[in-house]
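Thank you all for making the time this morning. I would like to walk through one structure with you, and please stop me if anything is unclear.

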Amino acid sequence: MIYADNAATTKMSRSAINAMLSCMENFWGNPSSLYDFGQKAAENLNRAREIIANCIGANSSEIYFTSGGSEADNQALISAAAIGEKHGKRHIISTAFEHHAILHTLKKLERKGFEIELLDVHEDGIISPQQVGEAIREDTCLVTVMFANNEIGTVQPIEEIGKICRAKKVLFHTDAVQAAGHLPINVQTQNIDMLSISAHKFHGAKGTGILYARKGIPLTNLIEGGAQEKGKRAGTENLPAVMAMATALKDACDNMTDNNAKILALREKLIDGLAKIPHSTLNGDRNNRLPGNVSFCFEGIEGESLLLLLDDKGICASSGSACTSGSLDPSHVLLAIGRPHEIAHGSLRLTIDENNTAEEIDCIIKSVGEVVEYLRSISPLWKDKISGKREFILS
Amino acid sequence: MALYSQKVMDHFRHPRNVGSIENADGIGEVGNGKCGDIMRMYLKIDNDIISDVKFETFGCGSAIASSSMATEMIKGKPLAEVMKLTNKAVTEALDGLPTHKLHCSVLAEEAIRAAVQDYCSKNNLEYNF
């Protein structure tokens, strides 16, 4: 099997599994318990909090453990909206190509009377700081822009956007689910007020993440109950997964330079190889993207068929076609960067990591080429384009 | 459980009657690129019998499998019987489709009807099925 869907989830690292097992065997007490055994668990919880805080330039008191990126996004937005409401501010700025954890929460806030402004995304998949600056109003209570896009991998100018927000005294949240462990993050120098992270995107366990909230930002509870997480997120902490997350994030940050050098070389090879397929296009800026992200559209074919046939060849990949999303519309991300529906249906996302090899990249390039050629050979759309009855959209 | 039945995967991986027919007696096309599904059916008709059928499909796995299954179900059959083919029958023959994929079998039924209609209008026959 060739695994090339690391943006969906990653394989847990050996060190993260060991951290998890060790916790389950040795520190399975409840961190809220008074006795020494419980307090040992609490010590481990706090150590994990410190390790994670250090990885992103935060203070450990600013780290809140959650069930993952979606919960962190929900809590960040709902908290910021509640703060805004107190001051009569009900305008929120975001972008058209955010993750649904953001977009659906914004929809919910819209129904509660907030005004949501989604910035257009340029064809290169990048939001400009100027766009954000121009959109901010007197009544803006929050700007939320993702660190890096989950489908096309483009990296946003977070530091500059944060700088503008800070100058205008508007809270700035970033969904860093795809970026954490893959790109350097420093909430201080990058002017970030709130940030979401999910552990399973950097070889940690599923079902765990964090919300960073700068000191002094009051959070709104999504889950009521005990006094865990300073009373802001009830429920006995998932300590084994938290310890695995801390281990995985530290590993990812410590080895980021070496890993990225290796992944970048593989990514460039993959992009060069796929770009040779006629009437195809890379989605998103070629350089300003996550090290492991390769997103392509192929004209005349449909993404789900492509994925199924790649699966037959042992390749795990993903697509933004309607059929893979369970809706009738293709990916909102590809539509946001201006891809026509027909082209967006023929998308392929390959997300590689440091465990992939050059041989695997060769195999992916060869397999994608074969499958695209085959699907085009049975596609009436392709036939019409070749015969000149319909025009090509991609060169 | 996998997304698709073994039958769907078999017809998707090894589609029957894929391709086109030169000088087809009837050609039907349904769907559009925007929705991500286009099906084109080619029919050869001799004495009101489907003597040959081919299809070309742009679409997902179930669209390709539905086209393939539908062609198998009508090949060698008289027109009157062919026009009774329903999307339900295609779906059942495939051992079912996921709910959000049922429209693929509808497209297969519609593509065949469109091809027969094309045959009728080309030959000044009354389309009264």
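I will begin with the domains of chain A, go on to the contact of the two chains, and finish with helix packing and salt bridges.

A word of caution before the details: what you see on the screen is a predicted model, and the values I quote are computed from it.

Let me start within chain A, which is divided into domain 1, covering 14-254, and domain 2, covering 256-386. Taken over C-alpha atoms, the centres of these two domains of chain A are separated by 29 Å, and the contact draws on 29 residues from domain 1 and 23 residues from domain 2. The area buried between domain 1 and domain 2 of chain A comes to about 2000 Å², with 56% of that given by carbon and sulfur atoms. Which three residues supply more than any others of the area that domain 1 of chain A buries against domain 2? They are A:Glu123, A:Glu151 and A:Ile152, and their share is 32%.

Across that same domain interface of chain A there is 1 salt bridge. A:Glu123, which I have just mentioned among the three residues supplying that buried area, also forms a salt bridge with A:Arg339, where the closest N and O atoms are 3.3 Å apart.

Turning now to the two chains, the contact takes 22 residues from chain A and 26 residues from chain B, and the area buried between chain A and chain B is about 1900 Å², of which 60% is given by carbon and sulfur atoms. On the chain A side, the residues that lose the most area to chain B are A:Ile378, A:Pro380 and A:Lys383, which together make up 26% of what that side buries.

One place to look at in detail is where helix 9 of chain A, residues 303-312, packs with helix 1 of chain B at an angle of about 95°, their axes being 11 Å apart; that angle makes the two helices roughly perpendicular. From helix 9 of chain A the contact uses A:Ser305, A:Leu308, A:Leu309 and A:Asp312, and from helix 1 of chain B it uses B:Met9, B:Phe12 and B:Arg13. By class, the residues of this contact divide into 4 nonpolar, 1 polar and 2 charged. A:Asp312 and B:Arg13 also meet through their side chains in a salt bridge, at 2.6 Å from N to O.

How many salt bridges are there between chain A and chain B? The count is 5, while over all chains it comes to 35. Another salt bridge is formed by B:Glu29 with A:Arg390, the closest N and O atoms being 3.0 Å apart. Because B:Glu29 lies in strand 1 of chain B, residues 26-32, and A:Arg390 in the segment after helix 14 of chain A, this pair joins two chains.

Finally, within chain B, helix 1, residues 6-13, packs with helix 2, residues 61-74, at an angle of about 85° and with the axes 8 Å apart, which makes this pair roughly perpendicular as well. Helix 1 of chain B contributes B:Lys7, B:Val8, B:His11 and B:Phe12, while the residues from helix 2 of chain B include B:Ile64, B:Ala65 and B:Met69. This contact has 5 nonpolar, 4 polar and 2 charged residues. B:Phe12 of helix 1 therefore appears in both helix contacts, the one with helix 2 of chain B and the one with helix 9 of chain A.

Notes: Residues numbered from 1 in each chain as written. Chains lettered and ligands numbered in written order. Predicted model: local features only at pLDDT ≥ 70, side-chain atom pairs only at ≥ 80, totals over all residues. Heavy atoms only, no water. Axes fitted to C-alpha atoms, helices over the stretch in contact; angles between N-to-C directions. Helix = DSSP H or I, 4+ residues; strand = E, 2+ residues; numbered from the N terminus. Parallel < 35°, antiparallel > 145°, perpendicular 65-115°, else oblique. Contact = heavy atoms within 4.5 Å. Nonpolar A, V, L, I, M, F, W, Y, C, P; charged D, E, K, R; others polar. Domains from an automatic or database assignment. Buried area = accessible area lost by both parts, 1.4 Å probe. Salt bridge = Lys/Arg side-chain N within 4 Å of Asp/Glu carboxyl O.
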